[in-house]
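Q: Could you take a close look at one part of this protein for me, and work outward from it to its surroundings? I would like a connected account of the fold, the local backbone and the spaces inside.

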Amino acid sequence: MTTTEPTPEIAVDPNAVNLTINGRPVAARKGELIIAAADRSGDYIPRFCYHPRMSPVGMCRQCLVEVEGPRGPMMVVSCMTPVAEGQVVRTETEQVKRAQEGIIELLLANHPLDCPVCDKGGECPLQDQAFSHGPGESRFIEEKRHYEKPIAISDLVLLDRERCILCDRCTRFADEVAGDALIHFTSRGNNTQVQTFPDEPFSSYFSGNTVQICPVGALTAQPYRFKARPWDLEKTESTCTTCSVGCRITLESSRDELLRYQGVDSDPVNHGWLCDKGRFNFESVKSDARLSNPLVRDGGSLVETSWSSALSTAASLIRSAVNAGGASRVAVLGGARGTNEDAHAWARLTSALGIDSVDAQLGDGLPADVLSYPQATIDEAARASTIILLAPDLKEELPILYLRLRDASEKKRSRILEFTAKESGLTRYAWKTVPYLPGTQPAVVASTLADAPISAQMATGSVVVVVGRSNLAESDEYTMAALDAVMTAHPNATVLPVLRRGNVRGALTVGLGRRDAVDILADAVNGEIDCLVLVGADPIGDCPDTELARRALAAIPNIIAIDTFATASSSKASVLLPAAAFGEKDGTTTNLEGRVTRLARKVTVNGTSRPDWMVALELADVLGHDLAMASVSDVHADLVSSNAAFASATRSALSAHPDGVVLEPVRSSSPSRVVPPAAERPGFGYRLVVGRKLYDNGRNVAESPSLAPLAPGSALHMHPLDLERLGAADGASVKVSGDRTSIVMDVKSDDSVQRGTVWAAWAQPGANIGELIDSTKWVNDVKVETL
């Protein structure tokens, strides 16, 4: 007797939904909107208010479709109606077309027909749909509504209320995505309009996104206004390197001039959003202050020369230093500004010369071995059950990462546990915020994680530690010790390092992090460095210990600088070489999570500027070292073949994955560390905390006319009770003293600052807080006096 094998049951996906759109079967997911399912099936439904990254509101009614119901066909708003099993949807019936024509006619009743002078003309959804879905002519002959136009709602964004169709995109973005609900609808009925609050501008770091998502020309950007027509623009996709988040963007140019950047929706990274600094700093690329030709010091001044002469001089300076005392007499700082190929070429050159005094950071980051911990991606952080912040203010330093983590908190996917010396942009979204006095962070972290409610929360799922340098006036060893405390309490946690420079992770991974920059500068002060090469680095402007950097550069006989602008450091160079800027060279970059993406060249280099990799290869050739590479493709191929971390980042892989390829994890044992001492509360004075603001006096901002005025300027922030005890008025000038020197700053009352501490922003116009930072100290205390 034969037995029949039982037929295996086929698993049924409980979230699968099958429907029909325009006669074709479509597979969807439970909860998906009809408009989203139609987009995937290739059935375009016109829309104005709908945006896939924001909640639906059904404001414009342009996305009406016909759905079969119990009583026959009925009209529904597809951006508000979820799919259902067996649903029958039609998007092009006569009834639907008449409704859409009516909507367009009503929208155009008061909309000015000024397409020839509107920045949106040529890429305007209203213009396009007036042709594709409109009635062809209007029955309205009455006078249109008029408003004053345009009005500046911020330093960067202008509002034309006559053009606004009340789609609610800008107001939803400001509220839901940015968390800066600074624009909203005012009035009622026919008088409804978008406005800011009285005497309160739309001062959001993300305001440029509202311009990009506006479906008409109601919001325009001051830096791009009247610069070009969309059909005149040539576009190519690239990656923003303003910070290390690595947002995907398009570079758009006309007549060989960069005119704007637009966000690209990269699901693992930026979701299409950009911060205003990254969006508008294209102005610096075309600055008149750019270096255009090589300069060599002749007597007391720098004079123009040829590339061959400049490279020969640079090579002779390096050769003389090596011959006099060995490769240890030469140091290289920088490399995080450029591409992976730039960094790799310089890593190869320094290795060929035997130079070990190399660092891509400037004493303002974390040790390179932070990359040896188990790593997390941005997506993993935004999905983690618990996010532990041992980081700077992400809203100021890495704005799009701030948006991702804010979204995780707001949508209840994650709980944020924040350890901070000063309240940050994420404090209001944190599950718990634990303040600490600088110098006590490791102990505070360890004791907090031992609390039963905290332990219970960390046991609910994945834990991601977002770690970075939160205080430039405190040793980075405190942050690393705090990280070790987390890993001890929760060994399965993963780490997302938030080092801020655009390609700092790529530069460290290829080997530009062999020694600490502070130690290198200290060697220079002691007369142990004869030649310093600055690859896009400005120690005087970027090293927290300004006095150390200034003394170091004064003690070094010869400096070679490769940069886009003359800086406080590069102006002291014996040889100054002009470097190609962002948008002027091809290559790849690595963001903070280790994601490698492509960079594109869009415009011709300024003057005779050259990319950093080319300078390295040509300098190697003059020094007698053939690195066997002649093009950026050669450098990339050598990088992929010689560095295991980059093995998967081939050009073919990057072409197949526009969102990038994540580096292979390179595990290594953590080095033994010096345990930092627990710093006691200062007996007198205040503990100094130094962080960053989005807008500063860095070259990208300072050379962008639209951004430069936004830097807030130097000021000392103090808790209101401490300010009252000091006896100084808010805004008064005070004397701030460290062990080395004193500076005068304006003092501001700020209840986000802890009592017993003072906070100042780094790299701001005005008094330089770096004059008070001593990198040899674990923490820095200052005395504040009235004048």
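A: Helices, counted from at least four residues of H or I, and strands, counted from at least two of E, are DSSP runs numbered from the N terminus. The model to which this applies here is a predicted one, and a good part to begin with is the span of residues 233–289, where UniProt, in an unreviewed entry, places the feature "domain: 4Fe-4S Mo/W bis-MGD-type". Over residues 233–289 the chain is 35% strand and 9% helix, and the C-alpha atoms at the two ends of the span are 25 Å apart.

This span shares residues with the lining of an enclosed space. The structure holds nine cavities of 30 Å³ or more, and the largest of them has a volume of about 200 Å³. Sixteen is the number of residues that line the largest cavity, and V211, A221, Y224, R260 and Q262 are the ones closest to its centre. At least two residues of this lining come from each of α5 (208–213), β10 (219–221), β13 (257–263) and α6 (276–280). By residue class, the lining of the largest cavity divides into seven nonpolar, five charged and four polar residues.

Strand β10 leads from the cavity to a sheet. Three strands, in the order β6-β7-β10, form an open sheet with antiparallel pairing, in which β6 and β10 are the edge strands, each pairing on one side only. Pairing of this kind between the strands of a sheet is made through backbone hydrogen bonds. Between β6 and β7 there are two bridges, the strands running antiparallel, and A152 has L158 in β7 as its bridge partner.

The loops around β6 and β7 carry two points of backbone geometry that deserve attention. In general, most peptide bonds are trans, and most residues other than glycine have a negative phi. Against that background, the peptide bond from K149 to P150 is cis, with omega near -20°, and P150 is placed in the loop between α3 (125–132) and β6 (151–152). D168, a residue other than glycine, has a positive phi near 75°, and its place is in the loop between β7 (157–159) and α4 (169–177).

Toward the N terminus from this sheet there is a second annotated span. UniProt, again in an unreviewed entry, places the feature "domain: 4Fe-4S His(Cys)3-ligated-type" at residues 95–134. Residues 95–134 are 57% helix and 0% strand, and the C-alpha atoms at the ends of this span lie 14 Å apart.

Further along the chain comes a hairpin. Strands β8 (residues 183–186) and β9 (residues 193–196) run antiparallel and are joined by four bridges, with I183 standing opposite T196 in β9. Six residues lie between the strands of this hairpin, and S187 takes a positive phi near 65° there.

T186 also gives a sense of how far the chain extends, since its C-alpha atom and that of R329, 143 residues apart along the chain, are separated by 66 Å. R329 is found in the loop between α7 (307–325) and β16 (330–334). Leaving aside residues up to four places away in sequence, R329 touches A321, as well as G527, E528, I529, D530 and C531.

Farther along, another open sheet has three strands in the order β26-β27-β28, again with antiparallel pairing, and its edge strands are β26 (587–590) and β28 (661–662). Four bridges pair β26 with β27 (residues 595–599) in the antiparallel sense, and the partner of G587 in β27 is L599. Helix α8 (residues 340–353) lies across β26 and β27, running at about 90° to β26.

An open space completes this account. The second largest pocket has a volume of about 990 Å³. Its lining is made up of 49 residues, and the closest to its centre are Y205, D393, K395, E396 and K693. Helix α10 (394–397) and strands β19 (415–420), β29 (686–691) and β33 (757–761) each supply at least two residues of the lining, and α10 gives the most, with four residues. The lining of the second largest pocket divides into 22 nonpolar, 15 charged and 12 polar residues.

Note on methods: Residues numbered from 1 in each chain as written. Predicted model: local features only at pLDDT ≥ 70, side-chain atom pairs only at ≥ 80, totals over all residues. Heavy atoms only, no water. 1 Å grid on protein atoms, 1.4 Å probe; cavity = no way out; pocket = protein on both sides within 12 Å on 5 of 7 lines; lining within 4 Å. Points joined across faces, edges and corners; volume = space filled by probe spheres on them. Nonpolar A, V, L, I, M, F, W, Y, C, P; charged D, E, K, R; others polar. UniProt positions renumbered as here; feature names shortened; annotations may be inferred. Pairing = 2+ DSSP bridges. Contact = heavy atoms within 4.5 Å. Axes fitted to C-alpha atoms, helices over the stretch in contact; angles between N-to-C directions.
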